[in-house]
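Open the model in your viewer and keep the sequence panel beside it, so that you can select residues by number as we go. The tour moves from stop to stop, and at each one you will be told what to select and what is there.

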Amino acid sequence: MRTMQLGTSSLEVPVIAVGCMRIQSLEQAEAEKFVRTALDAGANFFDHADIYGGGRCEEVFADAVHMNDDVRESMILQSKCGIRQGMFDFSKEHILNSVDGILRRLRTDYLDVLLLHRPDALVEPEEVAEAFDQLESSGKVRHFGVSNQNPMQIELLKKYVKQPLVANQLQLSITNATMISSGINVNMENAAAVNRDGSILDYCRLHDITIQPWSPFQYGFFEGVFLGSEKFPELNRKIDEIAAKYGVSNTTIAIAWLLRHPAKLQPVTGTMNLERIQDCCRAADIMLTREEWYDIYRAAGNVLP
Ligand SMILES: NC(=O)c1ccc[n+]([C@@H]2O[C@H](COP(=O)([O-])OP(=O)(O)OC[C@H]3O[C@@H](n4cnc5c(N)ncnc54)[C@H](OP(=O)(O)O)[C@@H]3O)[C@@H](O)[C@H]2O)c1
């Protein structure tokens with residue numbers, strides 16, 4: 001699997017991250033097979049969150065890999081915290097408690113990467129800084145990042161947090177590409193020009209923060225999968241045509257479209273299907289042409305000015 005540097009860190013990571021939000025739907029034997037298949041394909045970066053399955057996903061994962069020191073060293077583990085029932089919470093106490101829970105469930109004594117999951121309106125960045133310092137000095141967390149944050153939110157954190165923020169996990173797929181289309185439609189009167197995220201794509205490129213696109217196959221907010229959907233006939237025709245040309249599946253092309261972006265994105269897949277995770281990993285070997293990338297972008301209904 002092709003690798004890349006995560007943000008400004010020295011951590012070399014596969015260009016595909018394996019999301020574990022849905023792993024609690026698998027029986028133990030299925031989960032073992034799934035993780036083994038991902039590892040065999042070179043995908044040893046796993047994305048978790050304390051809230052996935054109410055904590056159950058992290059436990060299912062640890063059972064599936066039969067976690068021990070050797071296993072732990074063979075993989076890169078990322079988790080997230082900061083979402084609670086009915087609120088977001090970036091308080092020092094909550095961050096520290098969350099990480100302890102994550103480590104206990106994953107049966108490890110450190111996380112490679114911790115992300116703050118979704119912006120807390122009541123964030124006190126001084127508290128985040130204290131939590132990060134404590135987690136770093138205790139060895140519990142090696143690298144830090146955010147998720148679903150815009151540039152000014154990151155700037156606010158950076159005023160207090162001394163560790164580099166290496167990743168920002170954001171919703172991004174062919175059918176959810178407003179961070180791309182607002183850049184193409186600057187200053188136009190159309191809806192695509194609306195800048196919903198403060199130019200987060202350019203900001204992350206400028207500051208070497210790796211964007212990790214989440215839900216790479218979903219349209220809307222978990223409304224469904226666009227591949228094979230009759231809601232996107234033109235897009236599916238185009239993806240199928242390009243997939244046939246490369247002799248790969250439509251799944252591979254959907255991920256290859258994200259990987260073609262020079263921002264060096266690290267898509268976080270969500271599939272629990274053995275064939276599909278392999279197909280996602282195959283995308284690392286495909287470099288779409290500029291024409292193919294724009295053909296897919298337009299086939300998704302995006303109009304160029
Ligand atoms: N930071 C955040 O706020 C945030 C939010 C959401 C998710 N995440 C992370 O991102 C990861 C990915 O999210 P996601 O699971 O929504 O991503 P996704 O990969 O877009 O969706 C996965 C789901 O779509 C199905 N699917 C994918 N391709 C399909 C196809 N061709 N045909 C039929 N079904 C297909 C999968 O079913 P099969 O299993 O059968 O393939 C699975 O149920 C999560 O695991 C999590 O780690 C982060």
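Helices, written α, and strands, written β, are DSSP runs numbered from the N terminus, a helix having at least four residues and a strand at least two. Keep in mind throughout that this is a predicted model.

**Stop one: two residues with a positive phi**

Begin by selecting S199, which sits in the loop between α7 (178–184) and α8 (200–206). Its phi is near 60°, a positive value in a residue other than glycine. S199 is partly exposed, because its relative accessible area is 31%, and the partly exposed class runs between the cut-offs of 20% and 50%.

Now select N148, in the loop between β9 and α6, which is not a glycine either and yet has a positive phi of about 60°. Is N148 buried or exposed? With a relative accessible area of 16%, N148 is buried, since buried means under 20%.

**Stop two: salt bridges that link distant parts of the chain**

The count of salt bridges in this model comes to 16, and three of them are worth selecting in turn.

Select R107 together with D63, and you will find a salt bridge whose closest N and O atoms are 2.8 Å apart. R107 belongs to the loop between α4 (92–106) and β8 (111–116), while D63 belongs to helix α2 (residues 56–65), so that the pair links parts of the chain 44 residues apart. Both partners are partly exposed, R107 at 42% relative accessibility and D63 at 26%.

Next select K140 and D100, which form a salt bridge with their closest N and O atoms 2.8 Å apart. Because K140 lies in the loop between α5 (125–137) and β9 (141–147) and D100 in helix α4, this pair ties together parts that are 40 residues apart in sequence. K140 counts as partly exposed at 27% relative accessibility, and D100 counts as partly exposed at 31%.

Then select D133 and K162, whose side chains meet in a salt bridge of 2.9 Å, taken from N to O. Here D133 is in helix α5 and K162 in the loop between α6 (151–160) and β10 (165–171), and the two are 29 residues apart. D133 is partly exposed at 29% relative accessibility, whereas K162, with a relative accessible area of 60%, is exposed.

To finish this stop, select K238, E241, D295 and R298 together, which are joined into one network by salt bridges that share partners.

**Stop three: a pair of helices**

Select helix α10 (residues 250–259) and helix α11 (residues 274–282), and turn the view until you can see how they cross. Their axes come within 7 Å and cross at roughly 40°, which makes α10 oblique to α11. The crossing of α10 and α11 is right-handed.

**Stop four: at the surface**

Which residues form a nonpolar patch on the surface? Select M21, F221 and F222, which together have about 290 Å² of accessible area. F221 is placed in the loop between β12 (218–219) and β13 (224–225), and at 53% relative accessibility F221 counts as exposed.

Last, select D109, in the loop between α4 and β8, which counts as exposed at 58% relative accessibility. If you draw a distance from its C-alpha atom to that of V166, 57 residues apart along the chain, the separation is 21 Å.

Terms used
Residues numbered from 1 in each chain as written. Predicted model: local features only at pLDDT ≥ 70, side-chain atom pairs only at ≥ 80, totals over all residues. Heavy atoms only, no water. Patch = residues over 30% accessible without salt bridge, like charges linked within 9 Å, V, L, I, M, F, W, Y side chains within 5 Å. Areas by Shrake-Rupley, 256 points an atom, 1.4 Å probe, with all protein chains shown as cover. Salt bridge = Lys/Arg side-chain N within 4 Å of Asp/Glu carboxyl O. Buried < 20%, exposed > 50% of the residue type's maximum accessible area, 1.4 Å probe, protein only. Axes fitted to C-alpha atoms, helices over the stretch in contact; angles between N-to-C directions. Parallel < 35°, antiparallel > 145°, perpendicular 65-115°, else oblique. Left-handed = near helix turned anticlockwise from the far one by under 90°.
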